[in-house]
Amino acid sequence: MSGKSKDWSLLLTIVTLLLGVSVKANCPPIENIYPCSCSRNVDTCFYSCRGLDNNSSFLVYQQFPSCPNIRFSITSEEMSFLPHRFFGGFGSVESFSLYLIRLNLTALGEPSSGLSAFDGLSVKNEFSVYMQWVDLGSSFDWSVFSAVNFGPDVSTTFSSNMSEFNELSPGFYEGFSRSNMNSLVVSLAGLKTVAEIPMGHFSSLVNVNFGRNSLTEIKRSNFPRPAPELENIDLNRNQISYLPNDLFTDMFKLKWFDISMNSITVLKEETFKPIFTSLVRLVTIGLSLTCDCRLAWILPDWRTKVIDAREIAWPTTCKEPPNLAGRRVRDLQLQDLTCRVKL
């Protein structure tokens, strides 16, 4: 038996060394954190809180032990805020992911004092926030995220789907100003305005998705300036009618741009010229364009560069001139495109 024990001990040591992580990722007793639960694998603790309310949230968070990687989800219609240092007990972690689902959330902290639920939390490698069906109200304080001690190499993802906030405010960018954000997704939120990104900030962004909102305008200042890493922009299903000439200035790596289901009628060469070499796909599903000589610059590359329909639905067609109305753009020839000369 003693020989077998030594063998198991040796095997556990070898596995630990190979994985390069600790096997001591402990969960607290379930009775100490109810209505939350915890499970673990080698180096990650998975917390799930269902039915957490404001009172019980004050009772459970002091029971959270440190763990190298944290995956924390909260699903509750009874909780509107979290106590100060709710996540702070985890201390310094490699990665932290927060999932917020079905909440009417006024604060990630104590609203009376402005203290953050993230005070005491340090993240070395990855920090992620995912929201779904969350109503943030009109006075949500994004500055609570500035309490996270983001390591110099941390990469950050913020993703919201089917949550409600009409404005992506300047406070959002202030809250994440030290986060090295690489992905920003706010879709199906009812967004009407997006704040300007401060010059020289968020240059690490690779992906920006403001799809399925109510934006009527988009500006160069809504993206990093410069944007050396930006590869994907998704603006599908908004109410945008115009793309400014400088929209893609200093976007050196942009590969994917989706403007499907908007009110845009003109694709200007001047606008797309800075990115057309790097651009792999321009998505124009459902657009109704003015098919005149201003479209000639892209027509030779249309079939290789443009996604203009979803299977056979919502093709990109001509709105005008009358003789081309209803025609699919991909079926046009250069000789079909003319411009009226104003005398």
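**Side-chain contacts in the predicted model**

A disulfide joins Cys291 to Cys318, with an S to S distance of 2.1 Å. The model in view is a predicted one, and this link makes a handy starting point for a walk through its side-chain contacts. The torsion about the S-S bond of Cys291 and Cys318 is -100°, which makes the link left-handed. Distant parts of the chain are brought together here: Cys291 belongs to the loop between β17 (288-290) and α6 (302-305), while Cys318 sits in strand β19 (residues 317-320), 27 residues apart. Both Cys291 and Cys318 are buried.

The search of the whole structure gave five disulfides. With bonded cysteines counted along the chain, their pattern reads 1-3, 2-5, 4-6, 7-9, 8-10. Another of these links is the disulfide between Cys27 and Cys38, whose sulfur atoms are 1.9 Å apart. The link of Cys27 and Cys38 is left-handed, with -60° about the S-S bond. Here too, distant parts of the chain are linked: Cys27 is found in the loop between α1 (2-19) and α2 (30-33) and Cys38 in strand β1 (residues 36-40), 11 residues apart. Cys27 is partly exposed, since its relative accessible area is 25%.

Cys45 and Cys67 are also joined by a disulfide, at 2.3 Å from S to S. This disulfide is right-handed because the torsion about the S-S bond of Cys45 and Cys67 is about 90°. Cys45 is part of strand β2 (residues 44-50), and Cys67 lies in the loop between α3 (54-60) and β3 (69-75), so the pair ties together parts that are 22 residues apart in sequence. Cys45 and Cys67 are both buried.

The charged side chains come next. Side chains of opposite charge can pair when their charged atoms come close. The structure holds eight salt bridges. In one of them, the side chains of Lys219 and Glu196 meet at 3.7 Å, N to O. That pair links distant parts of the chain, as Lys219 lies in the loop between β13 (207-209) and β14 (232-234) and Glu196 in the loop between β12 (193-194) and β13, 23 residues apart. Lys219 counts as partly exposed because its relative accessibility is 33%. Glu196 is partly exposed as well, with a relative accessible area of 46%.

Further along the chain, the side chains of Asp308 and Arg328 meet in a salt bridge of 3.4 Å, N to O. Asp308 is in the loop between β18 (306-307) and β19, and Arg328 is in the segment after β19, so this salt bridge ties together parts that are 20 residues apart in sequence. The relative accessibility of Asp308 is 3%, so this residue counts as buried. Arg328, in turn, is partly exposed, at a relative accessible area of 26%. Asp308 also forms a salt bridge with Arg330, and the closest N and O atoms of that pair are 3.0 Å apart. Because Arg330 lies in the segment after β19 and Asp308 in the loop between β18 and β19, the pair ties together parts that are 22 residues apart in sequence. Arg330 counts as partly exposed at 23% relative accessibility. Through shared partners, the salt bridges join Asp308, Arg328 and Arg330 into one network.

Positive charges also meet aromatic rings in this model, as two examples show. The charged end of Arg102 sits over the ring of Trp133, 4.2 Å from the centre of that ring. Lys305 lies over the face of Phe276, at 4.8 Å from the ring centre.

Aromatic rings were also examined against one another. A search of the whole structure finds 38 aromatic pairs. One of them is the stacked pair of Phe145 and Phe176, at 4.6 Å centre to centre and with 25° between the planes. Phe145 lies in the loop between β7 (122-135) and β8 (149-150), and Phe176 in the loop between α4 (170-175) and β11 (181-187), so the pair ties together parts that are 31 residues apart in sequence. Phe145 is buried, with a relative accessible area of 0%, and Phe176 is buried too, with 1%. Phe172 and Tyr173 form an edge-to-face pair, 5.3 Å centre to centre and 90° between the planes. Like the stacked phenylalanines, Phe172 and Tyr173 are buried.

Key
Residues are numbered from 1 along each chain as its sequence is written. This is a predicted model: local features need pLDDT of at least 70, side-chain atom pairs count only at pLDDT 80 or more; totals for chains, interfaces and linings use all residues. Side-chain values use heavy atoms; hydrogens and water are left out. Rings of Phe, Tyr and Trp (its six-membered ring) pair if their centres lie within 6.5 Å; planes under 30 degrees apart count as stacked, over 60 as edge-to-face and the rest as tilted. Helices (H or I, at least four residues) and strands (E, at least two) are DSSP runs, numbered from the N terminus. Buried means under 20% relative accessible area, exposed over 50%, partly exposed in between (1.4 Å probe, protein chains only). A charge sits over a ring if NZ of Lys or CZ of Arg is within 6 Å of the ring centre and within 35 degrees of the ring normal. A disulfide is a pair of cysteine sulfur atoms within 2.5 Å. A salt bridge is a side-chain nitrogen of Lys or Arg within 4 Å of a carboxyl oxygen of Asp or Glu.
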